[in-house]
Amino acid sequence: MRIVEKDNIVQFIRFGIVGISNTVVNYLVNVIVLLSVSKLHLEWDYILANIVAFFLSVLWSFYWNYRFVFKSTEKREQSIGVMLLKTYLSYGLTGIILNNILSWIWISCLGISKYIAPIINVLINVPINFILNKKWAFKE
């Protein structure tokens with residue numbers, strides 16, 4: 001039992017490392033999109049930034065989770081394409097739906113900066129993403 005617990009802890013730490021890099025990628029893409037469309041004066045520019053950052057950062061996260069976190073010595077029953085689809089669906093729940101709802105609350109209701117809102121969202125999304133990835137997307 002201790003080996004399983006230790007493996008889960010190591011896996012969560014690795015997930016955290018990938019998550020930190022994913023957060024950096026997501027945040028940088030988010031800011032780049034915001035700055036790129038700033039002259040268009042879009043009311044919902046942060047939604048566009050969230051969506052673009054989502055698609056690119058999930059691809060980044062999938063690659064590193066597959067190679068570094070949820071790797072297996074046994075042959076996986078599901079294909080990489082199925083795992084990628086499940087990863088996008090998992091992160092879609094938190095990365096698109098939850099992120100945009102929370103961003104709207106932080107920015108429109110509470111007046112928090114659209115540059116700070118994505119950082120707050122990470123604190124909520126990481127535990128949810130770990131469980132969804134471990135128990136569903138990368139389940140062996």
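**Notes on a four-helix model**

1. Let's start on the surface. L93, I97, I101, L123, I124 and I128 make up a nonpolar patch there, and together they offer about 540 Å² of accessible area. Two helices, α3 (80-109) and α4 (117-137), each bring at least two residues to this patch. Take I101 as one of the members: this isoleucine belongs to helix α3, and its relative accessibility is 45%. The buried class stops under 20% and the exposed class begins over 50%, so a value in between is called partly exposed. That is why I101 goes down as partly exposed.

2. A word on confidence, since this is a predicted model. The average pLDDT over the chain is 85, and 92% of the residues reach at least 70. Which helix comes out with the highest confidence, and which with the lowest? Helix α2 (residues 45-69) is at the top with a mean of 90, while α4 is at the bottom with 84. Bear in mind that α4 is one of the helices supplying the nonpolar patch.

3. The overall layout is quick to describe. The chain has 4 helices and 0 strands, which reads as α-α-α-α along the sequence. Its C-alpha trace spans about 55 × 30 × 20 Å along the principal axes. Of the 140 residues, 37% count as buried.

4. Now for charges. How many salt bridges does the structure hold? The count is 1, and the partners are K114 and D45, whose closest N and O atoms are 2.9 Å apart. The pair ties together distant parts of the chain: K114 sits in the loop between α3 and α4, D45 in helix α2, and their positions lie 69 residues apart in numbering. The two ends have their own surroundings: K114 has a relative accessible area of 28% and is therefore partly exposed, whereas D45, at 7%, counts as buried.

5. Aromatic rings deserve a look too, with 13 pairs in the count. One of them is F54 with Y88: the ring centres are 5.9 Å apart and the planes meet at 75°, and because that angle is over 60 degrees, the pair is edge-to-face. This contact also links distant parts of the chain, as F54 is in helix α2 and Y88 in helix α3, 34 residues apart. Is each ring buried or partly exposed? F54 is buried, at a relative accessible area of 5%, and Y88 is partly exposed, at 21%.

6. Another pair stays inside a helix. W60 and W64 both lie in helix α2, 4 residues apart, which is about one turn of the helix. Their ring centres are 6.3 Å apart with the planes at 55°, so this pair is tilted. As for accessibility, W60 is partly exposed at 35%, and W64 is partly exposed at 35%.

7. Two more aromatic items to check on screen. F12, F15, F62, Y66, F70, F130 and F138 group into one aromatic cluster. Separately, R14 places its charged end over the ring of F68, at 5.0 Å from the ring centre.

8. If you want a short list to click through, I'd go for the K114 and D45 salt bridge, the edge-to-face pair of F54 and Y88, and the nonpolar patch that includes I101. When you get to α4, remember its mean pLDDT of 84.

Notes
Residues numbered from 1 in each chain as written. Predicted model: local features only at pLDDT ≥ 70, side-chain atom pairs only at ≥ 80, totals over all residues. Heavy atoms only, no water. Patch = residues over 30% accessible without salt bridge, like charges linked within 9 Å, V, L, I, M, F, W, Y side chains within 5 Å. Areas by Shrake-Rupley, 256 points an atom, 1.4 Å probe, with all protein chains shown as cover. Salt bridge = Lys/Arg side-chain N within 4 Å of Asp/Glu carboxyl O. Buried < 20%, exposed > 50% of the residue type's maximum accessible area, 1.4 Å probe, protein only. pLDDT = per-residue confidence, 0-100. Phe/Tyr/Trp six-rings, centres within 6.5 Å; stacked < 30°, edge-to-face > 60°. Lys NZ or Arg CZ within 6 Å of the ring centre and 35° of its normal.
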